Amino acid sequence: MKRLTGTLMVGAAVASNAAFLALGELFAYPQILRAPTAEILARFNADRPAIIAWFLVLTAAAACLIPVAAMLRDWHRALGVVAAVSVLAGVLESAGVEIAGLLNFAGYLLWSGWLVWAGISLWRKD
C-alpha cells in the first residue's frame, strides 16, 4: 500500500508540474490573473477545452494526495504545510505584494520536491 501511495505522490508531482507548464504556455497562467477581465476571458475562450482539461489535471493531482496525509510522519506533514503556505502566498500577488510571486514559485518547487521525496520514502518503507 505504501508503494502505491508513493507512486501516487510522484505521479501527482509530475502531473501537476506538466499541467502548470501547459497552462503557462496556453493561458499565460498565472500571470494572466493580473490582466483585465476581458483579456482573461478572451484568452480562456481561445483554448477553452485544453485549459479546462489542464486545470482538471491539477485538481486530480491534488486529489491523489488526500489519502497520503495519514501515512506521513509529523515532520513530513510540517514540510508539506510550509510548501502549501508558500503556494498560497501567490494569492497576495493580486493585492500588490511584490514578494508573493517569488514565494508562490518557491512554494511550487518545494511542494514538487516534497512530493517526490515523500513518495520515495514511502517506497522504501514497503
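Is Ser-112 buried or exposed? At 11% relative accessibility, Ser-112 counts as buried, because the cut-off for that class is under 20%. The residue belongs to a predicted model, and the sections below describe that model by fold, by pocket and by ring pairs.

## Fold and confidence

The protein chain has five helices and zero strands. Along the sequence the pattern reads α-α-α-α-α. Of the 126 residues in the protein chain, 32% are buried. Among contacts between residues at least 6 apart in sequence, 71% join residues at least 24 apart.

The mean pLDDT of the protein chain is 80, and 87% of its residues reach 70 or more. Among the elements, α2 has the highest mean pLDDT, 93, and α4 the lowest, 74. Where pLDDT is low, the predicted coordinates should not be read in detail.

## Ser-112 and Trp-114 in helix α5

Ser-112 lies in helix α5. Leaving aside neighbours within four places in sequence, Ser-112 is in contact with Ala-13 and Asn-17.

Trp-114 is also placed in helix α5. Its relative accessibility is 10%, so Trp-114 counts as buried. What separates the C-alpha atoms of Trp-114 and His-76? The distance between these C-alpha atoms is 8.3 Å, while the two residues are 38 residues apart along the chain.

## The second largest pocket

The second largest pocket has a volume of about 160 Å³. Its lining consists of Ser-16, Leu-58, Ala-61, Ala-62, Ala-84, Val-87, Leu-88, Tyr-108 and Trp-111. The elements that give two or more residues to this lining are α3 (48-63), α4 (74-88) and α5 (99-125). By class, the lining residues divide into eight nonpolar, one polar and no charged. One of the contributing elements, α4, has the lowest mean pLDDT among the elements of the chain, at 74.

Ser-16, one of the lining residues, lies in helix α1. With a relative accessibility of 5%, Ser-16 counts as buried. Not counting residues up to four places away in sequence, Ser-16 touches Leu-58, Ala-61 and Trp-111. Those three residues are also among the residues that line the pocket.

## Aromatic pairs

How many aromatic pairs does the structure hold? There are four aromatic pairs in the structure. In one of them, the rings of Phe-20 and Tyr-108 have their centres 4.8 Å apart and their planes at 35°. Planes under 30 degrees apart would count as stacked and planes over 60 as edge-to-face, so this pair is tilted. The pair links distant parts of the chain, with Phe-20 in helix α1 (residues 2-27) and Tyr-108 in helix α5, 88 residues apart. Tyr-108 has a relative accessible area of 23% and is partly exposed. Tyr-108 also appears in the lining of the second largest pocket. Ring pairs link Phe-20, Tyr-29, Phe-55 and Tyr-108 into a cluster.

Another pair is formed by Phe-27 and Phe-44, whose ring centres are 6.2 Å apart. The planes of these two rings meet at 70°, so the pair is edge-to-face. Phe-27 lies in helix α1 and Phe-44 in helix α2 (residues 37-46), so the pair ties together parts that are 17 residues apart in sequence. Phe-27 counts as buried, at 5% relative accessibility.

## Gly-24 and Ala-28

Gly-24 lies in helix α1. Is Gly-24 buried or partly exposed? Its relative accessibility of 29% is above the 20% limit for buried and below the 50% limit for exposed, so Gly-24 counts as partly exposed. The C-alpha atoms of Gly-24 and Ile-51 are separated by 9.9 Å, and these residues are 27 residues apart along the chain.

Ala-28 is placed in the loop between α1 and α2. Its phi is near 55°, a positive value in a residue other than glycine. Most residues other than glycine have a negative phi.

How values were computed. Residues are numbered from 1 along each chain as its sequence is written. This is a predicted model: local features need pLDDT of at least 70, side-chain atom pairs count only at pLDDT 80 or more; totals for chains, interfaces and linings use all residues. Side-chain values use heavy atoms; hydrogens and water are left out. On a 1 Å grid over the protein atoms alone, a cavity is a set of points where a 1.4 Å probe fits but cannot get out, and a pocket is an open set with protein on both sides within 12 Å along at least five of seven lines; lining residues have an atom within 4 Å of a point. Grid points are joined across faces, edges and corners, and a volume is the space filled by probe spheres set on the points. Helices (H or I, at least four residues) and strands (E, at least two) are DSSP runs, numbered from the N terminus. Ala, Val, Leu, Ile, Met, Phe, Trp, Tyr, Cys and Pro count as nonpolar, Asp, Glu, Lys and Arg as charged, and the others, Gly among them, as polar. Rings of Phe, Tyr and Trp (its six-membered ring) pair if their centres lie within 6.5 Å; planes under 30 degrees apart count as stacked, over 60 as edge-to-face and the rest as tilted. Buried means under 20% relative accessible area, exposed over 50%, partly exposed in between (1.4 Å probe, protein chains only). Contact means heavy atoms within 4.5 Å. pLDDT is the predictor's confidence in each residue, from 0 to 100.
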